[in-house]
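These are my notebook entries on a single protein chain. I set down each item in the order in which I looked it up.

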Amino acid sequence: MRDQLSMQLKGTQVDGSGDLRAAWARFTAWLERYDPGVVAVLGGPGDSEAIGRAEVRMGLALPPELRQWLLAHDLDTGWRGEPRETLVERGCDVPVPGGHLLLGLADIERVYLHRLAVERMEPSDDPDCPSWRPEWVPITAERDGLYGTFLDTANGTVGRWAEYDLPDEGVYASLSAFFQQAADELEGITTGDWRGPGAPVRA
């Protein structure tokens, strides 16, 4: 039964099917059990009006999948920390693929506008391979914004960017697939038992 479930989840990660809410629920359920302190900083329900204002400032419409996630859990909700002197002011250190910080709406907007400005000020030599496209929306990033993961709003896939390297597009079929992979790694389905902070001790 476990093997059958593993194959089903792997298939979901490959073809991008499945529901974002289900993927996120698997991810947060593991954290609630083994690292509840992290769950407390994941934020509460987002604000549709705030999302709309951010879309106007970024000049794009967020895809339904990302809006669904931000409305369910926006890291900015209830945030009481001090602003950092870094591009990513908030961010949440949770075990997601790539090891970067998960972003809330404010940091998504900030990193997006920064990456877009850098590409416009210093255009890539090959116009077919820019360092950033207007349709890419960051979902994770390092504090300095030099590394991270983005959602391609044109096709719904998830890719990665890194300083001095060409962006890697289409790494995951969807945002759902990205969080399915995160849950798989935590549950030890695809990459072995998670050994990060709060990991359970397995015999």
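**Entry 1: The chain as a whole**

I began with burial and found that 44% of the 203 residues of the chain count as buried. I note here that the model is a predicted one. I then looked up the secondary structure, which comes to 7 helices and 5 strands. Read from the N terminus, the elements follow the order α-α-α-α-α-β-α-β-β-β-β-α. I also looked up the contacts in the chain with a separation of 6 or more, and 57% of these join residues 24 or more positions apart.

**Entry 2: Helices H4 and H6**

At what angle do H4 and H6 pack? I found an angle of about 5° between helix H4 (residues 48–58) and H6, and their axes are 10 Å apart. An angle under 35 degrees counts as roughly parallel, and therefore H4 is roughly parallel to H6. On the H4 side I listed Ala50, Ile51, Ala54, Arg57 and Met58. They meet Leu105, Ile108, Glu109, Tyr112 and Leu113 in H6. By class, the contact of H4 with H6 holds 8 nonpolar, no polar and 2 charged residues.

**Entry 3: Helices H5 and H7**

I turned next to helix H5 (residues 64–72) and helix H7 (residues 175–187), whose axes come within 9 Å and cross at roughly 50°. Is H5 parallel or oblique to H7? The crossing angle makes H5 oblique to H7. H5 brings Glu65, Leu66 and Trp69 to the contact, and H7 brings Leu175, Ser176 and Phe179. I sorted the residues of this contact of H5 with H7 into 4 nonpolar, 1 polar and 1 charged.

Phenylalanine 179 came up again when I looked up alanine 22. Alanine 22 sits in helix H2 (residues 20–34). The C-alpha atoms of alanine 22 and phenylalanine 179 are separated by 9.3 Å, although the two are 157 residues apart along the chain. Alanine 22 counts as partly exposed because its relative accessibility is 40%.

**Entry 4: The largest pocket**

How much space lies in the largest pocket? I recorded about 420 Å³. The pocket is lined by 21 residues, and the closest to its centre are Arg115, Val118, Ser131, Glu163 and Tyr164. By class, the lining divides into 10 nonpolar, 4 polar and 7 charged residues. Helix H6 (105–121), strand S4 (158–162) and strand S5 (165–172) each supply at least two residues of the lining. Which element gives the largest share of the lining? H6 does, with 4 residues.

I then looked more closely at tyrosine 164, which is found in the loop between S4 and S5. Its relative accessible area is 76%, so tyrosine 164 counts as exposed. Phi of tyrosine 164 is near 70°, a positive value in a residue other than glycine. I reminded myself that most residues other than glycine have a negative phi.

**Entry 5: Alanine 106 in H6**

Alanine 106 has its place in helix H6. Leaving aside neighbours within four places in sequence, I found alanine 106 in contact with Asp76 and Arg90. I also noted a separation of 9.4 Å between the C-alpha atoms of alanine 106 and glycine 91, which are 15 residues apart along the chain. Alanine 106 has a relative accessibility of 22% and therefore counts as partly exposed.

**Entry 6: Aspartate 152 and threonine 153**

Is aspartate 152 buried or exposed? With a relative accessible area of 4%, aspartate 152 is buried. Aspartate 152 belongs to strand S3. Not counting residues up to four places away in sequence, aspartate 152 touches Glu135, Trp136, Thr157 and Glu169. From aspartate 152 to proline 138, 14 residues apart along the chain, the C-alpha atoms are separated by 8.8 Å.

Threonine 153 lies in the loop between strand S3 (147–152) and S4. Threonine 153 is partly exposed, with a relative accessible area of 24%. Which residues does threonine 153 touch, not counting those up to four places away in sequence? I listed Ala61, Pro63, Glu135 and Val137. Glu135 thus appears among the contacts of aspartate 152 and among those of threonine 153. Finally, I recorded that threonine 153 and proline 64 are 89 residues apart in sequence and 9.6 Å apart in space, C-alpha to C-alpha.

Terms used. Residues numbered from 1 in each chain as written. Predicted model: local features only at pLDDT ≥ 70, side-chain atom pairs only at ≥ 80, totals over all residues. Heavy atoms only, no water. 1 Å grid on protein atoms, 1.4 Å probe; cavity = no way out; pocket = protein on both sides within 12 Å on 5 of 7 lines; lining within 4 Å. Points joined across faces, edges and corners; volume = space filled by probe spheres on them. Nonpolar A, V, L, I, M, F, W, Y, C, P; charged D, E, K, R; others polar. Axes fitted to C-alpha atoms, helices over the stretch in contact; angles between N-to-C directions. Parallel < 35°, antiparallel > 145°, perpendicular 65-115°, else oblique. Contact = heavy atoms within 4.5 Å. Buried < 20%, exposed > 50% of the residue type's maximum accessible area, 1.4 Å probe, protein only.
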